[in-house]
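Please work through the following exercises with the sequence and the model at hand, attempting each task before reading its solution.

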Amino acid sequence: MPVSLTIYDGAGTIGGNKILLEDGGTAVFFDFGTPFSTRARYYEEFLAPRSRTGLLDLIHMGLLPPLRGIYRADLEDAGGRAWERARRYPYYRECRADAVLLSHAHMDHCGYISFLDTGIPVVSTCLTAYLAKAIQDCGAHQFEGEMCYAVPKVAGEEGTIGAGGHKDFPFERRTYLIADGVCRDPDDFWNLSPAAPRGRYFPSQTLQAADQVGGLPVRFLPVDHSIYGAAAIAVETSAGWVVYTGDLRRHGGRRGLTEAFVKEAAALKPVALVSEGTNIGKEPGATEEQVRDACYAAVRDAPGQFVVADFGPRNVERLLIFLEIARRTGRRLAVTDKDAYLLTAMHAVDASIPTPRTDRHLVVYRRALLKPAQWVERVREWYPEQVDAAAVHAAPGEFICCLSYFDVAELVDIDPKGGRWIYSASEAHSEEQQFELRRLGNWIDQFRLTPIGLAETATPYHASGHISGRELRELIYQIAPRHVIPVHTETPQRFAESLLGDMDVHVPEVGIPITLG
Ligand SMILES: [Zn+2]
């Protein structure tokens, strides 16, 4: 049997990677993410795939590949319509999987693990596993966010399916196998129940380590990206090593990880490199050091004033940069309860990650809530000393407030007397994001804040999570694989132009196997 790679999502598009590697009887996926751009073609916030039809909407609308045999049986609709529709796709097939090898905890790489049979293990770094659990615990993605544990579904009225009663149906936990060593986790965060007391039962689970799947040796090689725990993945097949970059960059605070990865990957003399190419058409932009300096100056020059730091969700590197700025400017970093929860999860894996308990410059901003969710209650228990809107209003110069677009209504409670909103996040990549940025600008105007870095183009207040075209070209030459398969890019053909025929570039087509050898 030849070794093959089949791209089921992530071909000619950014996000949603689902890459099947097959060697003899072994089949593994690199990532299984949410395809945000395809999803946005049909759906938005108030028009989402219907959970009551299980797999049907997702398969029919092309959000999930029509692969029979890998999905949760409890999500099959009673009439069997999902598989009847799936047969319309030319690349419909029966399929099995030994594991998902997960590169990092961004939703466009891990989100749709939610729909996979819970018997298929996920292999990842320890930090990625804990981040995935923390993201799910905070519950933003619901039906499309069951990466670590699932609410079992049962048949309902009129051919629908719905959540099984919480007394009879405990959570079903997915197996995570840890590629870089199981952490100590003194407070057992991994087994912290997401349910309220007397709610659905959350069975305990012991994490196991793994260095092979289905008989194939596997290595996770840490890389620098805009989320901690990110890794490239190498699998030794019968045709040689196949290396998948995941998402990476060479201009972040941990760029040394990427450099070490390049050396290790080159030493494997890989037969194939599956490479991300988000920024293949872009020149290098700001580095994290430049961002740090620009943001520091923006805070330093506003003594006594209200300051907001607005950065992407789960971008803990940026959060730590602002924590350092808070220290240098004599302020405290007021983080949202969600950020505090995330830091707590990461601290369980890596004690050097600060929490509001270990770092006196870190404090939780307390939102006034009618009925706090279970995870918010926990954050309040863990960190009882919090600051509320009135405290920020009274002493704006003592804090840097970490707020983002979806927290913007807090401005009404804080009622600041001027100040700065530092936008330290990605420029708009879609029309919808442009609308959001404009709306954010309106809020900033309404409260007479000075916007810093709020532009529809790149600014020195944000560094991309992805490697630039020039640096990527260099990286590919350094690793020198026989075959290059571009994914996670809108312009895969640019790889061929960039590599000038020195390597075999396969511009992938969805569902068409690429044979290696
Ligand atoms: Zn990513």
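Two exercises follow, one on a metal site and one on a helix pair.

The model is predicted, so local features need pLDDT of at least 70 and side-chain atom pairs count only at pLDDT 80 or more, whereas totals for chains, interfaces and linings use all residues. Residues are numbered from 1 along each chain as its sequence is written, and side-chain values use heavy atoms, with hydrogens and water left out.

**Exercise 1.** Determine which atoms coordinate the zinc ion, and classify their arrangement.

*Solution.* Begin with the donors, meaning N, O and S atoms within 2.8 Å of the metal (3.2 Å for Na, K and Ca), and bear in mind that sites may look incomplete because water is not among the atoms. His104 (NE2), His106 (ND1), His225 (NE2) and Asp247 (OD) coordinate the zinc ion at 2.2 to 2.4 Å. Along the chain, these donors have the spacing H-x1-H-x118-H-x21-D. Next, take the angles: the 4 donor atoms subtend 90 to 171° around the zinc ion, which makes the arrangement irregular, whereas four tetrahedral donors would need all angles between 85 and 135 degrees.

**Exercise 2.** Describe how helix α5 and helix α9 pack, and sort the residues of their contact by character.

*Solution.* First, find the geometry: α5 (residues 126–137) and α9 (residues 337–349) pack at an angle of about 155°, with their axes, which are lines fitted to C-alpha atoms over the stretch in contact, 9 Å apart. The two helices are therefore roughly antiparallel (over 145 degrees). Then list the contacts (heavy atoms within 4.5 Å): in α5, the residues include Tyr130 and Leu131, and in α9 they include Tyr341 and Leu342. Finally, the residues of this contact divide into 12 nonpolar, no polar and 1 charged.

Terms used
Axes are lines fitted to C-alpha atoms, for helices over the stretch in contact, and angles run from 0 to 180 degrees between N-to-C directions. Helices (H or I, at least four residues) and strands (E, at least two) are DSSP runs, numbered from the N terminus. Angles under 35 degrees count as roughly parallel, over 145 as roughly antiparallel, 65 to 115 as roughly perpendicular and the rest as oblique. Ala, Val, Leu, Ile, Met, Phe, Trp, Tyr, Cys and Pro count as nonpolar, Asp, Glu, Lys and Arg as charged, and the others, Gly among them, as polar. Four donors count as tetrahedral if all angles lie between 85 and 135 degrees; four count as square planar and six as octahedral if opposite donors are over 155 degrees apart and all others between 65 and 115; anything else is irregular.
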